[in-house]
Amino acid sequence: MLAIGPVLLIPEWEKVPADKKRRARWSYEALLEDLVPPERETHLAVLLPSSALTSYVEADFRAALRERWHLSTVLYAAGVLPKAHISLEVAAVFLHTRQPKDPVVRMFRMPHRVDSNSVEKDFEKLLRMRGGRSKNGYVVRDLIPAHERLHFERHDPAVLAFREDLVGYGSVAKVGDLFTKAPSVHRHTLGEKICSTGQPGAARVLRGPDVLRDGTIAPPDPEDIWAQVPPDCLLQAGDLILRSISRPTDRHRFVVGEVGDEDLPAAASEHVIVLRPKVPLEAHQIRFILMFLRSPMAGPMLAQAGVHILWRDLADLTLPQPDESLASALDNLEISKRRLEEWHSEADELLQSVFLDQSAAQGRDRIVRSGQTLRLRVAAASLLDDLGHTVRTRFPYPVALRWRETEAAMSVRDAGPAYQAILGTAEILLAYSALLVGALAREEGIKLGSLDAIRGQLDRGRGPGFGEWVAILDEISSKRKRCSLPTGHPLNALGSMFADEKVADARKRLYSRRNDEDHERRVDRVDLPQARDAAFDELSRLIEGARFLADWSLIQITDLHWDALLGRSVIDYRNLMGDHPVVPTTTMIWDRSDIEKGSLYLKDQENRLHLLRPFLVGCLCRRCRSWSTFHIDKASQGTVTLKCLEYGHTFDDSALLEPLRHVGLL
């Protein structure tokens, strides 16, 4: 038949008993291993259970088959055989005679409850493709080893790309690297060990359904089995337990929970997998692992067919691990969640107690008085959704002050001052960000050509402006400049400031407006209101792109004391965040002595201190006597002119001459 034309073969799926030489096999294995293709080009399609392509046991069968045949296309489908369980997955395997250079392999999975015409069109599209992915299938261009398991997800480029991308959370580790599989007990072998709840040594035997989808363990039930199990089978607080039976089509394949002290004593049945940490894991690591396993992305990465989750597959599953910044953010989210839940409970208790007072007047006064704190909390939290409030209270002082002045100017009818204030605020935002880049790049030994350009301008008697600040931020946006930095380093956030197209476009428009103003191409008074509103929208988008500034603190060291015996410094500092420089002094402990009294530092999300001098210095302005931040504006004849970010005032200071030469600005 093969010599005549293409053949569709539907072999019997019968188990052949084992003998001394061979394991128990399926009848289709013997048939296909003995089937020799003719020398001419021929095509064969075979309908098999998907396990023939995915199980460990049938690896030799796959290798023998592929010695003679090239596997060109595989179609997977579940729930298509009448009178068979819906979870049974079958595979239509398309084979043809091996060639010196075999073509690519195409993998396709039939979706559930989808129009057949659209599926057929997608399959026809896949047959024309030489690489890439269609909606329901993909093309494998690399050579697949003969014994390799052919799960649909195992070679899916989307799944492979996601697995590679997991390192972006910080790092990755295999389940088997972090956990061991603790022993389970088989309920059918317990026999005389089954006992009642109150007997000494009795432990609850947890079944798969006892692990609930919300991550908790079901409370004890009268139908539970209690037994006296070996000590090594007892669960421990901190163990992760998950159901070992799940459908591959489930959106959330893993149903997993963490064992707490309140769940003990207990043991796991044969339908529960117990993951016991090899070494103690931090709370944020466990929380992140549970979040990932409960996500819809974890299931496809398991690359396992059928309903049973096997330990050998689970041990090979890649888990993301959070870096310090992400771990800190998760901890803060957890704290915030608990705080909100406490406020919610307070409000509930207050509402339920409305009619519990001895008199209506007493009840009214108590509710009004007690509810005030809750109302103020909600009002304060609601302000955080307001961009202006966030900038005024959480952005560094130079930017926050300029923004406050811009909002004040926007409230009056004359559009001219507001338009100028908007352009000035945009320049100060970019100046502050660029000065941070300069200080941080010097600290990390990163050379920036844009700083060399500023040095050239200073030599010619000109100071930096809007264009120079943009050039610095554009240069640090190159990933090549930041390739050696850890993920949480502030330069990575500054480098991605213009990653959003809308933010980048807003910056370009504001730059163009500033240039027009500087070169006497000013907006006509009739058009000023419209130009003001458009510019404010652009400034707001630019501020949105710089929201990370709210997570870093601009601080000035006011005093410090180094304790040589304890090896630490006690530091007093002012946190210059928000639109006013008069702030209380705060104390922190630092494990180094190389801290400068009076200098400005950037305190990042991980509480590391980065020296900003001489790129940015803070002192009293000699013109207005207000505390302000300054950067270099000009240099001539051995004198340095500093310019104030807040008010634009200038004064000369020769003391910064040598520090500026040291960092390469002079």
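Trainee: In which loop is R625 found?
Mentor: This is a predicted model, so read every value as computed from it. Look past strand β24 in the chain. R625 is found in the loop between β24 and β25 (627-636).

Trainee: Does R625 count as buried or exposed, and at what relative accessibility?
Mentor: The cut-off for exposed is over 50% relative accessible area. R625 clears that cut-off, so it counts as exposed, with a relative accessibility of 59%.

Trainee: What is the phi of R625, a residue other than glycine?
Mentor: Most residues other than glycine have a negative phi. R625 goes the other way, with a positive value. Its phi is near 65°.

Trainee: Which value does phi take in N607, which is not a glycine?
Mentor: N607 lies in the loop between β22 (600-603) and β23. N607 is partly exposed, with a relative accessible area of 42%. Its phi is positive, at about 65°.

Trainee: Which residue does a cis peptide bond join to R613?
Mentor: Most peptide bonds are trans. Here omega is about 0°, and the bond is cis. The partner of R613 is P614.

Trainee: Where is the place of P614?
Mentor: Find strands β23 (609-611) and β24 (617-620). P614 sits between them, in the β23-β24 loop.

Trainee: Is the peptide bond from L264 to P265 cis or trans?
Mentor: P265 lies in the loop between β15 (256-258) and β16 (266-268). The bond from L264 has omega near 0°. That makes the peptide bond cis.

Trainee: At what angle do the axes of helix α15 and helix α16 cross?
Mentor: Two packed helices are described by the angle between their axes and the distance between the axes. Helix α15 covers residues 449-459, and helix α16 covers residues 466-476. Their axes come within 8 Å. The crossing angle is roughly 160°.

Trainee: How are α15 and α16 oriented to each other?
Mentor: The axes cross at roughly 160°. Angles over 145 degrees count as roughly antiparallel. The two helices are therefore roughly antiparallel.

Trainee: How do the residues of the contact of α15 with α16 divide?
Mentor: On the α15 side, the contact is made by G449, S450, L451, I454 and Q457. On the α16 side, E468, W469, A471, I472 and E475 take part. The split is 5 nonpolar, 3 polar and 2 charged.

Trainee: A polar contact joins the side chains of S450 and which residue?
Mentor: S450 lies in helix α15. S450 is buried, with a relative accessible area of 10%. Leaving aside residues up to four places away in sequence, S450 touches A471, I472 and E475. The polar contact, at 2.6 Å, is with E475.

Trainee: Why is the pair of Y28 and F61 given its class, and what is that class?
Mentor: A pair of aromatic rings is described by the distance of the centres and the angle of the planes. The structure holds 10 aromatic pairs. In the pair of Y28 and F61, the ring centres are 5.8 Å apart. The planes stand at 65°, so the class is edge-to-face.

Trainee: How many residues apart are Y28 and F61?
Mentor: Y28 is in helix α1 (residues 27-33), and F61 is in helix α3 (residues 59-68). The pair thus links distant parts of the chain, with a separation of 33 residues.

Trainee: Which residues form one aromatic cluster with W26?
Mentor: Take the pair just discussed: Y28 is buried, and so is F61. The cluster partners of W26 are Y28 and F61.

Trainee: How many of the residues of helix α7 are buried?
Mentor: Helix α7 spans residues 283-293 and is mostly covered. Its buried residues include H284, R287 and F292. The count is 9 of 11.

Trainee: How far apart in space are S328 and H284, C-alpha to C-alpha?
Mentor: S328 is found in helix α10 (residues 324-352). S328 is partly exposed, with a relative accessible area of 28%. S328 and H284 are 44 residues apart in sequence. In space, C-alpha to C-alpha, they are separated by 8.4 Å.

Trainee: With the side chain of which residue does the side chain of E153 make a polar contact?
Mentor: E153 is found in the loop between β8 (137-140) and α5 (157-165). E153 is buried, at 13% relative accessible area. Its polar contact, at 2.7 Å, is with R109.

Technical notes:
Residues are numbered from 1 along each chain as its sequence is written. This is a predicted model: local features need pLDDT of at least 70, side-chain atom pairs count only at pLDDT 80 or more; totals for chains, interfaces and linings use all residues. Side-chain values use heavy atoms; hydrogens and water are left out. Axes are lines fitted to C-alpha atoms, for helices over the stretch in contact, and angles run from 0 to 180 degrees between N-to-C directions. Helices (H or I, at least four residues) and strands (E, at least two) are DSSP runs, numbered from the N terminus. Angles under 35 degrees count as roughly parallel, over 145 as roughly antiparallel, 65 to 115 as roughly perpendicular and the rest as oblique. Contact means heavy atoms within 4.5 Å. Ala, Val, Leu, Ile, Met, Phe, Trp, Tyr, Cys and Pro count as nonpolar, Asp, Glu, Lys and Arg as charged, and the others, Gly among them, as polar. Buried means under 20% relative accessible area, exposed over 50%, partly exposed in between (1.4 Å probe, protein chains only). A polar contact is a pair of N or O atoms within 3.5 Å; within protein, one must be able to donate a hydrogen and the other to accept it, and residues adjacent in sequence count only if both atoms are side-chain atoms. Rings of Phe, Tyr and Trp (its six-membered ring) pair if their centres lie within 6.5 Å; planes under 30 degrees apart count as stacked, over 60 as edge-to-face and the rest as tilted.
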